[in-house]
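This briefing is meant for someone opening the structure for the first time. It may help to keep the sequence and the 3D view side by side while reading.

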Amino acid sequence: MLAGTETIATIANHWLAKFERALAESDRVLLETLFHPDSHWRDVLALTWGIRTVNGLDAILSELETHAGRANPSGFRIDSHRTAPRQVTRAGTAAIEAIFKFETAEGRGSGVLRLIPDANDGNTLKAWTLLTALDEIKGFEERVGRSRPKGESYSRDFRGPNWLDLRKSAAEYAEREPVVLVVGGGQAGLSIAARLAQLDVDTLIVDRGQRIGDNWRNRYHALTLHNQVQVNHLPYMPFPPNWPTYIPKDKLAGWFEAYVESMELNYWTATEFAGGAYNEAEGRWSVVLRRADGTKRELHPRHVVMATGVSGIPNFPDIPTLRNFRGKILHSSQYDDGEAWKGKNVLVVGTGNSGHDIAQDLYSSGAKVTLVQRSSTLIVNIEPSAQLPYALYDEGTPLEDCDLITTSIPLSLARKSHIAFTEQAKNLDKELLDRLERVGFKLDFGEEGTGWQFKYLTRGGGYYFNVGCSDLIAAGEIGLVQFSDIAAFVAEGARMRTGETLGADLIVLATGYKGQEHLVSKLFGDAVAVRVGPIWGFGDEQELRNMFTRTAQPGLWFIAGSLAQCRIYSKYLALQIKACEVGLLPRVGAVPDLKEAAVDARPRHRGTSKVF
Ligand SMILES: Cc1cc2nc3c(=O)[nH]c(=O)nc-3n(C[C@H](O)[C@H](O)[C@H](O)COP(=O)(O)OP(=O)(O)OC[C@H]3O[C@@H](n4cnc5c(N)ncnc54)[C@H](O)[C@@H]3O)c2cc1C
């Protein structure tokens, strides 16, 4: 029990009051008494206009000193409209957790405070983690709830254009330029466009797909989402309460169409973004769009948001003997259906989610399938193991509070939590994992046992959520060979080191996608790619590189990730773009170390993956 007779809320409010006083009076001595030696401060725009994590007492004190003067934070108090302060265990540590609100000179925010006792200071409760996150910019609040648009302007003008006319003409961009061009209309593109629309930033989404939702429709036949419905909502418009726990792909695709309509998003289908160049003097892009009818359109947005997911550039591994093979070779991105391969022999190279899903689809279509494993892979049963990290979303806590709590966990503690989830999953899935090992499947559990989430965040793949394929492999229904046991590919298939030939009519390369840096290079040129540097993954930083934040290239932004990640971080990305537009924020982010910024040409395993 951390709290004695004082209520938890009183303790938290007391801490917040002292924190506010220490900041206002630049009282370093007082501030120092408030933070635990092992403490972490994550700021999401509120005080620093960046997404940053600062670890350790000294670093936190000096960063707070640097930023508090300009930001002028005040009004810290428990938010009575949100989940009440409570005792929790996070990353294995018991703490008091309190959601609070505050404001700064420029905006209003919310945060999460976690207090733990300092054993070296009489068990005084001190901040272990602190999140300060911006919710809105003063004077530019979202038009929701009571400040929703009233609509008189349409309904009273009987002769003028009605809502539909206005929507159609807004989406045409016949005589105006969008302020923001979003490339890609999957969950990342929809989330950021919906947020920007609420902030009154004129935004156009373009997607090469023929129909909104095709990014899901065109995936394999049996696909249902891997996360449960309560984790997957898009911003503003939660899935209906009668929807199934695991949403089927075509149902989600249909929802995307409805979402675009309801959120009044401007969306051009069948439109490919062919590239762009930035005009420094004018502070805007010249971008070329190729439309399905063969026409080109040039636009001049001030911002381009890349929301292209992993569907950028397929990674073809360098296997010289593959050219000997006389059958068909497909990258997983070109694979659509197993029907044509009934009764045929197929080798699927790669054991991430795509490799497994394609192998299972082919097997279900009557093909004789062998998986070729190139490196050890993490396997986790879809239920319950893969759902362990999302327990918070299933406890009845409001979505908004779950998202804030998720945002408040600094990277080092997230790693600790995921090591624990991975251990738990290993035990839960023991029987399956043992059977897989018996047929020669090589397993791993991620770097330092951090599991699939960190594989996703660092390399975008290298794991499989078992929805049945692992059972088929363990039962010998789907064959398994190690890539290192193949001597060479030959006309008829794969010649094994044993001398035996594994015949094949089709080889599917489920070998992932190249990193976003390659796409940036292709679409904007090498100079921009070098300026921006590595995208995704952590490097030495505590935050994902170049994601959801300003980059070294003015007006170029990136958003990607799971539905939950897109829901959470689209809010902060939209606030930054709005802040740039209203002159609160310069458009360029920190210039990275140029050595690190050189385009990383290593192929990444960016398969079909998910996370938050
Ligand atoms: C079986 C399975 C289950 C999954 N379950 C979940 C889950 O439960 N929860 C979850 O969060 N995630 C899940 N995922 C993963 C995740 O949702 C996907 O990775 C998701 O598609 C990523 O969304 P996105 O918007 O970033 O990219 P995408 O969906 O890939 O969308 C990118 C869009 O950009 C377009 N595009 C690309 N380049 C251009 C260009 N040059 N011009 C125009 N358009 C372009 C593409 O056409 C595409 O529509 C699952 C994935 C699979 C395969």
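Two strands are said to pair if DSSP finds at least two bridges between them. With that in mind, β17 and strand β20 (residues 479–482) are paired in the parallel sense, over 4 bridges. The model is a predicted one, and the points below take up two of its sheets, a buried threonine and its cavities.

**The parallel sheet**

- An open sheet is formed by 5 strands in the order β15-β24-β16-β17-β20, and the pairing is parallel.
- The edges of this sheet are held by β15 (328–331) and β20, and because each has a single partner strand, one side of each is left without a neighbour in the sheet.
- From one strand to the next, the twist in this sheet averages 20°.
- At one of these edges, β15 pairs in the parallel sense with strand β24 (residues 506–509) over 4 bridges, and within that pair K328 stands opposite L506 in β24.
- Helix α9 packs on the sheet, where α9 touches β16, β17 and β24, and the direction of α9 makes about 165° with that of β17.

**Strand β17 and its surroundings**

- Strand β17 (residues 368–373) is mostly covered, since 5 of its 6 residues are buried.
- Strand β16 (residues 345–349) runs parallel to β17 and is joined to β17 by 5 bridges; in this pairing, V348 has L371 of β17 as its bridge partner.
- On the pairing of β17 with β20, V372 stands opposite V481 in β20.
- A right-handed β-α-β unit is made by β16, helix α9 (residues 353–364) and β17.

**The antiparallel sheet**

- A second group of 3 strands forms an open sheet in the order β11-β12-β13, with antiparallel pairing.
- The edge strands here are β11 (271–279) and β13 (296–299), each of which pairs on one side only, while the twist averages 20° from one strand to the next.
- Between β11 and strand β12 (residues 284–291), which run antiparallel, there are 8 bridges, and the bridge partner of T271 is R291 in β12.
- Helix α15 (residues 516–524) lies across β11 and β12, and the helix runs at about 75° to β11.

**A buried threonine**

- T203 has its place in strand β9 (residues 203–206).
- T203 counts as buried because its relative accessible area is 7%, which is under the 20% cut-off used for that word.
- Leaving aside residues up to four places away in sequence, T203 touches Y173, V180, V182, A193, L196 and N266.

**Cavities**

- When the whole structure is searched, 5 cavities of 30 Å³ or more are found, and in the largest cavity there is about 120 Å³ of space.
- The lining of the largest cavity consists of 17 residues, and of these V380, F421, T422, A425 and W452 lie nearest its centre.
- At least two residues of this lining are supplied by each of β18 (378–381), α11 (411–428) and α13 (451–459).
- The most is given by α11, which contributes 5 residues to the lining of the largest cavity.

Key. Residues are numbered from 1 along each chain as its sequence is written. This is a predicted model: local features need pLDDT of at least 70, side-chain atom pairs count only at pLDDT 80 or more; totals for chains, interfaces and linings use all residues. Side-chain values use heavy atoms; hydrogens and water are left out. Axes are lines fitted to C-alpha atoms, for helices over the stretch in contact, and angles run from 0 to 180 degrees between N-to-C directions. Contact means heavy atoms within 4.5 Å. Buried means under 20% relative accessible area, exposed over 50%, partly exposed in between (1.4 Å probe, protein chains only). A crossover is right-handed if, with the strands pointing away from the viewer, the path from the first strand over the helix to the second runs clockwise. On a 1 Å grid over the protein atoms alone, a cavity is a set of points where a 1.4 Å probe fits but cannot get out, and a pocket is an open set with protein on both sides within 12 Å along at least five of seven lines; lining residues have an atom within 4 Å of a point. Grid points are joined across faces, edges and corners, and a volume is the space filled by probe spheres set on the points.
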